[in-house]
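User: Could you take a close look at one part of this protein for me, and then show me how it sits in the rest of the chain? I'm new to this, so plain words please.

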Amino acid sequence: MAPPLQDTGVGAVGGEKKANGSEICSRRFFTWEEIGLRTGRIQPHLQEKWLVIDRKVYDISSFYKRHPGGQRVISHYAGQDATVTEGDLNWQKGTYPERTQKNGLGKDLGGLLQLLINDFRELRSTVEKMGLLTPSLLFFSLIFLHILFFDISAWLIIWYFGTSSIPFYIGVAFFTIAQAQLSWLQHDLGHLSVLKTSKGNHIAHKIILSLLKGFPANWWNALHFQHHAKPNCFRKDPDLNMHPIAFALGKKLSREVHLWSDW
């Protein structure tokens, strides 16, 4: 990862001076226009990717390849502000890759945006204290049992009554219900929302999705993480890229919007 730039004042060689002659350590500031050019897709900065978290600029030009959630997830925020999504990017307070930090912004994010960020954090803290994010093993166990019931019933109906029209369509209906519910169960496991440990969720997710659904868990995670990082954003949300007609309503598809352009 690239080291942080040297602390310099904007338009100045050294730091500011106090009245007593001592020097104040200043910081280098960046405009949103400078940051917006570092997306890795704009000439002449194709090798540079920057993003902003809590008014600090980070150079992720090398780090993005090692991001736990996948390089595309974090790259979707290159040239933009990622403060409100730091939890999704696995960047918790106090664990930022310090060597990528490029000091501060030359333009304030705006009071409204900061209020929204603080409000969201307060809401999340309240929800967590209420226990609404605590997984219920009993609930998900009952979900899994009713999935098994419909799946087994579908095969037993075909086996016992044969393949005539009525048993066949009843069996298909039961099997469809089981597979649909299984899709949502693996979805919750992929979000680490079923079991209390991340390892347990990952193992269960691979078993259900790979063995019972026939899809690789890593493939699903890579696409779904991008979906939540940039929901309904064309060219960044894989759901829209794969099914623009099925998942987008109206004549116009969602388009990429740079948050920095509004502040």
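Analyst: Take residues 137–160: this span is 100% helix and 0% strand, and its end C-alpha atoms lie 34 Å apart. Keep in mind that this is a predicted model. Residues 166–185 also come out as 100% helix and 0% strand, with 29 Å between the end C-alpha atoms. Why pick these two stretches? UniProt, in an unreviewed entry, lists residues 137–160 and 166–185 under "transmembrane region", and such annotations may be inferred rather than shown by experiment.

Now let's move further along, to helix α6 (residues 198–213) and helix α7 (residues 217–229). Their axes are 9 Å apart and meet at an angle of about 105°. Angles of 65 to 115 degrees count as roughly perpendicular, so that's the label for α6 and α7. On the α6 side, His205, Lys206, Leu209 and Ser210 make the contact, while α7 brings Ala217, Asn218, Trp220 and Asn221. Sort those residues by type and you get 3 nonpolar, 4 polar and 1 charged.

Zooming out, the protein chain has 8 helices and 6 strands. Reading from the N terminus, the order is β-β-β-α-β-β-α-β-α-α-α-α-α-α. Of the 263 residues in the chain, 35% are buried. As for contacts with a separation of 6 or more, 54% of them join residues 24 or more positions apart. Finally, the chain's accessible surface is about 16,700 Å², and carbon and sulfur atoms account for 62% of that.

Note on methods
Residues are numbered from 1 along each chain as its sequence is written. This is a predicted model: local features need pLDDT of at least 70, side-chain atom pairs count only at pLDDT 80 or more; totals for chains, interfaces and linings use all residues. Side-chain values use heavy atoms; hydrogens and water are left out. Axes are lines fitted to C-alpha atoms, for helices over the stretch in contact, and angles run from 0 to 180 degrees between N-to-C directions. Helices (H or I, at least four residues) and strands (E, at least two) are DSSP runs, numbered from the N terminus. Angles under 35 degrees count as roughly parallel, over 145 as roughly antiparallel, 65 to 115 as roughly perpendicular and the rest as oblique. Contact means heavy atoms within 4.5 Å. Ala, Val, Leu, Ile, Met, Phe, Trp, Tyr, Cys and Pro count as nonpolar, Asp, Glu, Lys and Arg as charged, and the others, Gly among them, as polar. Buried means under 20% relative accessible area, exposed over 50%, partly exposed in between (1.4 Å probe, protein chains only). Accessible areas come from the Shrake-Rupley method with a 1.4 Å probe; for residues, only the protein chains shown count as cover.
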